[in-house]
Amino acid sequence: MTTLLHVIQRVRNRQTDDEHWLYIAGDAADLTLDTEADLGCPEFDEDTDEEIDPPGFPERGLRSTIDVDTLSHSIEWADRLSGTKDDSAALDLIRYYIRFDALPETLNVSDPPSVDVVLRRLDREFSDKLGPEDSSKQCRRDGCERGVVKLSVFCRRHHFENIRNRPYPFDD
Ligand SMILES: [Zn+2]
């Protein structure tokens, strides 16, 4: 079987084709130098424009990830960051590119925050900016006994839900 290490060596030796794509087996998050991988040229069905994998690839559990340009750029970037030809560094950057569609600025970076984490952070900032609730005025939502935040007729929670149109994600 051919592994990602073989593929990296082929790219380093320029034994590739402009039309090649990197195919890997399994989840990109689990990618190692020993993961089964190969280079192949997908074909396209003339009628449906659907991608057709190279012969034998589906049987090996291979699926397409990034094109050979992106692949060799990732390896070059890893070489530049590591100052040598370090296949482990190349692996890290290839795995990162497949998962996050970008190259990191340095080696050994952790995963970027997920969309959920970023959204939660923005929600927290938004609700913190609303400031304290003024308990001298009562929230206008039926049954709510909290005070109102500045420039609103609602408490923090109900102002958030009124503006954002989804449930308040915090407990305060
Ligand atoms: Zn309220």
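Helices here are DSSP runs of H or I with at least four residues, strands are DSSP runs of E with at least two, and both are numbered from the N terminus. Residue numbers start from 1 along each chain as its sequence is written. What you're looking at is a predicted model, so local features need pLDDT of at least 70 and side-chain atom pairs count only at pLDDT 80 or more, while totals for chains, interfaces and linings use all residues.

**Figure 1. The chain splits into domain 1 and domain 2.**
Domain 1 covers 4-100 and domain 2 covers 115-164; these bounds come from an automatic or database domain assignment. Their centres, taken over C-alpha atoms, are 48 Å apart. The C-alpha trace spans about 75 × 45 × 25 Å along its principal axes. The radius of gyration is 25 Å, against a value near 16 Å for a compact globule of 172 residues. That radius is taken over C-alpha atoms, and the globule rule is 2.2 Å times the number of residues to the power 0.38. In secondary structure terms, there are 5 helices and 7 strands, running α-β-β-β-β-β-α-α-α-β-β-α along the sequence.

**Figure 2. Three strands, β2, β1 and β5, make an open sheet.**
The 3 strands sit in the order β2-β1-β5, with antiparallel pairing; two strands count as paired if DSSP finds at least two bridges between them. The edges belong to β2 and β5 (62-67), and each has a single partner strand, so one side of each is left without a neighbour in the sheet. From one strand to the next, the twist averages 35 degrees. Between β1 and β5 there are 4 antiparallel bridges, and Trp 21 stands opposite Asp 67 in β5. Helix α1 packs on this sheet and touches β1 and β2, its direction making about 40 degrees with that of β2. For such angles, axes are lines fitted to C-alpha atoms (for helices, over the stretch in contact), and angles run from 0 to 180 degrees between N-to-C directions.

**Figure 3. The largest nonpolar core holds 22 residues.**
A nonpolar core is a set of buried Ala, Val, Leu, Ile, Met, Phe, Trp, Tyr and Cys residues joined through C-beta atoms within 7 Å. Buried means 20 or more other C-beta atoms within 10 Å of a residue's own, exposed means 12 or fewer, and partly exposed is in between, with C-beta atoms placed from the backbone. The residues with the most contacts inside this core are Leu 4, Val 7, Leu 22, Ile 24, Ala 90 and Leu 93. At least two core residues come from each of α1 (4-12), β1, β2, α2 (68-82) and α3 (87-100), and α3 gives the largest share, 7 residues. A second, separate core has 5 residues, among them Val 148, Val 149, Phe 154 and Cys 155. Over the whole chain, buried residues make up 22% of the 172.

**Figure 4. Leu 33 sits in a loop and is in contact with Leu 4 and Leu 91, among others.**
The loop runs between β1 (21-25) and β2 (37-40). Leu 33 is partly exposed because it has 16 other C-beta atoms within 10 Å. Setting aside neighbours within four places in sequence, Leu 33 is in contact with Thr 3, Leu 4, Leu 5, Asp 87 and Leu 91; a contact needs C-beta atoms, placed from the backbone, within 7 Å. C-alpha to C-alpha, Leu 33 and Ile 94 are 10 Å apart, though 61 residues separate them in sequence. With residues up to four places away left out, Leu 4 touches Ile 24, Leu 31, Leu 33, Thr 35, Ala 37 and Leu 91.

**Figure 5. Ser 74 is a buried residue of helix α2.**
Ser 74 counts as buried because 25 other C-beta atoms lie within 10 Å. Beyond four places in sequence, its contacts are Ala 90, Leu 93, Ile 94, Tyr 97 and Leu 103. Ser 74 and Ala 90, 16 residues apart in sequence, are 6.7 Å apart C-alpha to C-alpha.

**Figure 6. Leu 151 and Asn 165 both have positive phi.**
Most residues other than glycine have a negative phi. At Leu 151 the value is about 60 degrees, and at Asn 165 it is near 65 degrees. Leu 151 is in the loop between β7 (147-148) and α5 (156-164), while Asn 165 is in the segment after α5. Leu 151 is exposed, with 8 other C-beta atoms within 10 Å; Asn 165 is exposed too, with 7.

Technical notes:
Contact = placed C-beta atoms within 7 Å.
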